[in-house]
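Q: Please take a close look at one part of this structure, and then set that part in the context of the rest. I would like to know how far each statement can be relied on.

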Amino acid sequence: DSSNMWRTAHEWYENIQKWLNDSWETLDANYADKFVEDAVRTLTHCCRFFKEKNHKDVLAIADKVKHEVEDFKPKVPLMVALRKDGMKQRHWDQIFDKTGIRVEWEDEGFNFQKVLDLNLMKYVEECVEIGERAGKEFHIETMMEGMKKQWEVIDFTLMAVSYTHLTLPTIYSVQISVVAVSLKKK
């Protein structure tokens, strides 16, 4: 358990600096979310273990790191929301409309620390809602692009065929099972 605590503490101190200070484009919010969840679980287990073994010095370190991770944990949903695939200028404009805070996310040097400095934690619910919508829109756009690519390779030729005053399209270059239907005039 000691090795888990030291590894988690080491990774925490490396990650928190990256998450706060590295460029916005490189911020992996999904990794941060998973890491924070795993770290809280690991450190809770370590604290329990060190308390049972009466290792007070190591317990104090594990407890300190655990509290730091837990203090950061409420910020993660904001990070995840604002780093959703599909966040476009229109979504940042919606954040401005809801919060009155202009986020210059494309500026050089923009990072998560600047998000926190802008006090967007006050508006975490609004940001999460906008981020979720951006993610859903991105998912739909991605699916539509995939469908478009699939359909680009299919050739349709429509040819009018008259059958008892009814015009039917005929499709070529696509294998389709055809069922004959008898149409009767009333």
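A: The predictor's confidence in each residue is given as pLDDT, on a scale from 0 to 100. By that score the chain averages 85, and 82% of its residues reach at least 70. Because this is a predicted model, local features are described here only at a pLDDT of at least 70 and side-chain atom pairs only at 80 or more, while totals for chains, interfaces and linings use all residues. Residues are numbered from 1 along each chain as its sequence is written, and side-chain values use heavy atoms, with hydrogens and water left out.

Confidence varies along the chain: helix H4 has the highest mean, 97, and strand E2 (residues 166-168) the lowest, 51. Over residues 171-186 the pLDDT is below 50, and this stretch has 15 contacts in the model beyond near neighbours in sequence, a contact being a pair of heavy atoms within 4.5 Å.

The chain holds 7 helices and 2 strands, where helices (H or I, at least four residues) and strands (E, at least two) are DSSP runs numbered from the N terminus. Along the sequence they follow the pattern α-α-α-α-α-α-α-β-β. Of the contacts with a separation of 6 or more, 61% are between residues 24 or more positions apart. Of the 186 residues, 28% are buried, which here means under 20% relative accessible area, whereas exposed means over 50% and partly exposed lies in between (1.4 Å probe, protein chains only). The accessible surface of the chain comes to about 12800 Å², and 54% of this surface belongs to carbon and sulfur atoms.

The part to look at closely is helix H1, residues 2-21. At 1.5 Å a residue, the 20 residues of H1 should span 28 Å, and the end C-alpha atoms are 29 Å apart, which agrees; the expected span is 1.5 Å times one less than the number of residues. Within H1, the buried residues are Met5, Thr8, Ala9, Trp12, Asn15, Ile16, Trp19 and Leu20. Seen down the axis of H1, these residues fall within an arc of 145 degrees, so they line one face of the helix; the arc is taken from the directions from the helix axis to the C-beta atoms. The background is that an α-helix has 3.6 residues a turn, so residues three or four places apart point the same way. Among the elements that cover the buried residues of H1 are helix H2 (29-52), helix H3 (56-72), helix H4 (76-82) and helix H6 (112-117).

Thr8, which lies in H1, gives a residue-level example. It counts as buried because its relative accessibility is 3%. Leaving out residues up to four places away in sequence, Thr8 touches Phe35, Ala39, Thr42 and Leu43.

H2, one of the helices covering H1, also holds Lys34 and Asp38, 4 residues apart or about one turn of the helix. Their side chains meet in a salt bridge (2.7 Å, N to O), that is, a side-chain nitrogen of Lys or Arg within 4 Å of a carboxyl oxygen of Asp or Glu. Lys34 is exposed at 52% relative accessibility, whereas Asp38 is partly exposed at 26%.

H3, also among the helices covering H1, has a comparable arrangement in Lys64 and Glu68, again 4 residues apart, about one turn of the helix. Here the N to O distance in the salt bridge is 2.6 Å, and the two residues are partly exposed, Lys64 with a relative accessible area of 47% and Glu68 with 24%. The structure holds 13 salt bridges, including one between Arg102 and Asp93, where the closest N and O atoms are 3.6 Å apart. Elsewhere, salt bridges that share partners join Lys88, Arg90, Glu137 and Glu141 into one network.

Two loops also deserve attention. Most residues other than glycine have a negative phi. Asn54, in the loop between H2 and H3, nevertheless has a positive phi, near 60 degrees, and is exposed at 53% relative accessibility. Asn119, in the loop between H6 and helix H7 (124-152), likewise has a positive phi, of about 65 degrees, and is partly exposed, with a relative accessible area of 38%.

Key
Accessible areas come from the Shrake-Rupley method with a 1.4 Å probe; for residues, only the protein chains shown count as cover.
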